[in-house]
Structure formats: structure tokens, C-alpha cells
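Visitor: Could you take me through one part of this structure slowly, as you would for someone in their first year? I would like to see how a pair of helices fits together, and then what lies around them.

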Amino acid sequence: MRALWGLGAAVGGIANGALRRHPPASVLLVLLGSSTLAVTVAEGRAVFTVLLFLSGLFCAPTITATIDDLSRAVPANVRGEAMGWHGSALTLGGAVGAPVVGWAIDHGGWDGGFELAGALGLTIALLGLAVQGIRRRNLAARPDEAGTTTARAA
């Protein structure tokens, strides 16, 4: 199961690397969470295999996109520290996520693990999109130096 998902992640990473324009991390996380939730509706081994591979497609590009977003948002003089925190967050997520998903499997069956992981990922992505939308609106509503309100790109 892990190898199949990992194969999807490798293919997704290669495909993402070949793109001229990369999708935003928030969009990729929505796709990752949604596709992980979709695994729970699998009926039969063939559908399960396809859905698991599709879910894996979004893993590597999502991680890469978060690194790209972080490197753009953080000043160069603290970028190393920020990347360290990013790596620590990924490690912590893996360390905490495994037993939490294990608990979901123990209490809800195999699909309970996919439901919890997918729902958490999708919730975090949607919250991130909401925060981005609020930030864009606030930036657009700020008056410029001349005192007029102008739309600014986030």
C-alpha cells in the first residue's frame, strides 16, 4: 500500500517539476485531502489501487509548494531557520499523525484512517484558503500613499 502511494507521489513530483507554472500549495492540499477522502469509497481492489495512486500524486507537489511559498515569504537572512522549522513541522506531523490515524483505524476500520487524514488535510487547506482570502481583502482595502484605496496583489 505504501509503495503504491509512494509511486504516485514520485510520479506527481516529476509531473509537477515539468510544469512551467506550479499550482499553489493551498490548492494542492485541497486535492491531497480530497483524494485521500476519496479512497474511503473504494469498492474492490482495482478502484482502491487507482484512488490510492491518485492520492499519492499530490503529496510531493504539496510539500514542494509549501517550501516554495515559505521561501518567498521569508527574508533571505532567516530562510535557513524557516526551512528548519518547516522540516520539523513535517517530522512532527509524521510522528503525531501515525498514532492518531492508527487510533482512527482501531475505532473506524481501515477507511477510518483515510477519513481522518483526508478530513484533517482538507480542513487545514480550507482554513488556509479562508485566511488567504481575508488577507487579500485587507491588503486591497488599505489606502496607498496618496490616500486612495487600490487593489494590491497578495
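Guide: Let's start with α5 and α6, which pack at an angle of about 135°, with their axes 6 Å apart. Please keep in mind that this is a predicted model. Why give an angle and a distance? Two packed helices are described by the angle between their axes and the distance between the axes. Angles over 145 degrees count as roughly antiparallel and those from 65 to 115 as roughly perpendicular, and α5 and α6, at about 135°, are therefore oblique to each other. The crossing of α5 past α6 is right-handed.

Now look at who touches whom. On the α5 side you will find V100, V101, A104, I105 and G108, and they meet W110, D111, G112, G113, L116 and A117 of α6. Sorted by type, the residues of this contact are seven nonpolar, three polar and one charged.

Next, follow α6 along its length. This helix covers residues 110–141, 32 residues in total. At 1.5 Å a residue, α6 should span 46 Å, and its end C-alpha atoms are 47 Å apart, which agrees.

Which residues of α6 are buried? They are G112, G113, F114, G118, G121, L122, A125 and L139. As you look at their spacing, a general point may help: an α-helix has 3.6 residues a turn, so residues three or four places apart point the same way. The cover over the buried residues of α6 includes α2 (25–38), α3 (45–57) and α5 (79–108).

For contrast, try L120, which is also found in helix α6. L120 has a relative accessible area of 45%, and partly exposed lies between 20% and 50%, so L120 is partly exposed. You can also pick out R20, 100 residues away from L120 along the chain; the C-alpha atoms of L120 and R20 are separated by 30 Å.

Finally, turn to two of the helices that help cover α6, namely α2 and α3. Their packing angle is about 165°, and their axes are 8 Å apart. That makes α2 roughly antiparallel to α3. Here the crossing of α2 past α3 is left-handed. L32, S35, T36 and A38 of α2 make the contact with L51, L54 and S55 of α3. Among the residues of this contact, four are nonpolar, three are polar and none is charged.

Methods
Residues are numbered from 1 along each chain as its sequence is written. This is a predicted model: local features need pLDDT of at least 70, side-chain atom pairs count only at pLDDT 80 or more; totals for chains, interfaces and linings use all residues. Side-chain values use heavy atoms; hydrogens and water are left out. Helices (H or I, at least four residues) and strands (E, at least two) are DSSP runs, numbered from the N terminus. The expected span of a helix is 1.5 Å times one less than its number of residues. Buried means under 20% relative accessible area, exposed over 50%, partly exposed in between (1.4 Å probe, protein chains only). Contact means heavy atoms within 4.5 Å. Axes are lines fitted to C-alpha atoms, for helices over the stretch in contact, and angles run from 0 to 180 degrees between N-to-C directions. Angles under 35 degrees count as roughly parallel, over 145 as roughly antiparallel, 65 to 115 as roughly perpendicular and the rest as oblique. A crossing is left-handed if the near helix is turned anticlockwise from the far one by less than a right angle, and right-handed if clockwise. Ala, Val, Leu, Ile, Met, Phe, Trp, Tyr, Cys and Pro count as nonpolar, Asp, Glu, Lys and Arg as charged, and the others, Gly among them, as polar.
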